[in-house]
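The exercises below ask you to read a model from its overall layout down to single residues. Work through each task with the coordinates open before turning to the solution.

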Amino acid sequence: MNVTVRASLIALIAIVGACWAIPALLVSFVPSDAGMIAMMALIYLVLPVTAIALGLLAANSARTLFWVPAALGIGPAVLFPLKVEGSQDLAFHGVAYTAIGYAAMGLYTWMTARQHR
């Protein structure tokens with residue numbers, strides 16, 4: 001398996017995990033009193049960190065993995081509503097996750113290019 005395919009599989013697993021599996025676990029196991037705090041941690045901590053990690057992963061092969069940050073941006077719009085009722089209003093966060101991922105990708109590429117001069 002080549003590096004691009006392996007990175008694509010890692011990205012897909014991370015996106016499905018962050019946008020479907022973690023919300024499913026939160027909805028199932030977190031008591032309703034702590035549910036809002038848990039979802040806020042997901043939306044404002046876990047997903048931005050995931051966006052940065054996927055941006056850095058995509059930067060290693062930017063020509064073939066350019067889609068990865070955009071896929072994370074689409075993930076909340078498509079996968080959140082499957083597990084979290086009333087989450088359609090969270091879909092706009094995907095734009096921010098996409099921007100964070102591309103910013104991490106661009107910054108990593110820029111820093112790498114500067115080191116090779």
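**Exercise 1.** Why does Leu 65 count as buried? Once that is settled, describe the surroundings of Leu 65 in this predicted model.

*Solution.* Begin with the accessibility: buried means under 20% relative accessible area, and Leu 65 has a relative accessibility of 1%, so Leu 65 counts as buried. Next, place the residue along the chain, where Leu 65 is found in the loop between α2 (32–59) and α3 (68–83). Then list the partners: when neighbours within four places in sequence are left aside, Leu 65 is in contact with Thr 4, Ala 7, Ser 8, Leu 57, Ala 58 and Met 105. Finally, take a distance between C-alpha atoms, which for Leu 65 and Val 5 is 9.4 Å, although their positions lie 60 residues apart in sequence as the separation is counted.

**Exercise 2.** Describe the chain as a whole, covering its elements, its dimensions, its contacts and the confidence of the prediction.

*Solution.* The first step is to count the elements, which gives 4 helices and 0 strands, in the pattern α-α-α-α when read along the sequence. The second step is the extent of the chain, whose C-alpha atoms fill a box of roughly 55 × 30 × 20 Å along the principal axes. The third step concerns the surface: the accessible surface comes to about 7100 Å², and 72% of it belongs to carbon and sulfur atoms, while 36% of the 117 residues count as buried. The fourth step turns to contacts between residues at least 6 apart in sequence, of which 76% join residues at least 24 apart. The last step is confidence, for which the chain averages a pLDDT of 86, with 97% of the residues scoring at least 70. Among the elements, the lowest mean pLDDT, 82, belongs to α3, and the highest, 91, to helix α4 (residues 93–115).

**Exercise 3.** Which residues touch the most other members of the largest nonpolar core, and which element gives the most to this core?

*Solution.* The core has 25 residues, and those touching the most other members are Cys 19, Leu 47, Leu 72 and Phe 80. Two or more residues come from each of α1 (3–29), α2, α3 and α4, and α2 gives the most, with 9 residues. As background, nonpolar side chains in soluble globular proteins tend to be buried together.

Two of these members can be followed in detail. Leu 72 is found in helix α3 and counts as buried because its relative accessibility is 0%. Apart from neighbours within four places in sequence, Leu 72 is in contact with Ile 15, Cys 19, Leu 47, Thr 50, Ala 51, Leu 54 and Tyr 97. Leu 47, with residues up to four places away not counted, touches Ala 18, Cys 19, Leu 42, Leu 72, Phe 80 and Tyr 97. For a distance check on Leu 72, its C-alpha atom is separated by 12 Å from that of Phe 92, a residue 20 places away along the chain.

**Exercise 4.** Are Thr 98, Leu 12 and Ile 13 buried, partly exposed or exposed?

*Solution.* Take Thr 98 in helix α4 first: its relative accessibility is 18%, which is under the 20% cut-off, and Thr 98 therefore counts as buried. Beyond residues up to four places away in sequence, Thr 98 touches Pro 69, Ala 70 and Gly 73.

Next comes Leu 12, which lies in helix α1 and counts as partly exposed because its relative accessibility is 42%. The C-alpha atoms of Leu 12 and Ala 113 are separated by 27 Å, and the two residues are 101 apart along the chain.

Ile 13 also lies in helix α1, but at 63% relative accessibility Ile 13 counts as exposed. To complete the picture of Ile 13, look at the nonpolar surface patch of about 420 Å², which Ile 13 makes together with Met 1, Val 5 and Leu 9.

Key. Residues numbered from 1 in each chain as written. Predicted model: local features only at pLDDT ≥ 70, side-chain atom pairs only at ≥ 80, totals over all residues. Heavy atoms only, no water. Buried < 20%, exposed > 50% of the residue type's maximum accessible area, 1.4 Å probe, protein only. Contact = heavy atoms within 4.5 Å. pLDDT = per-residue confidence, 0-100. Areas by Shrake-Rupley, 256 points an atom, 1.4 Å probe, with all protein chains shown as cover. Core = buried A, V, L, I, M, F, W, Y, C linked by side-chain atoms within 4.5 Å. Patch = residues over 30% accessible without salt bridge, like charges linked within 9 Å, V, L, I, M, F, W, Y side chains within 5 Å. Salt bridge = Lys/Arg side-chain N within 4 Å of Asp/Glu carboxyl O.
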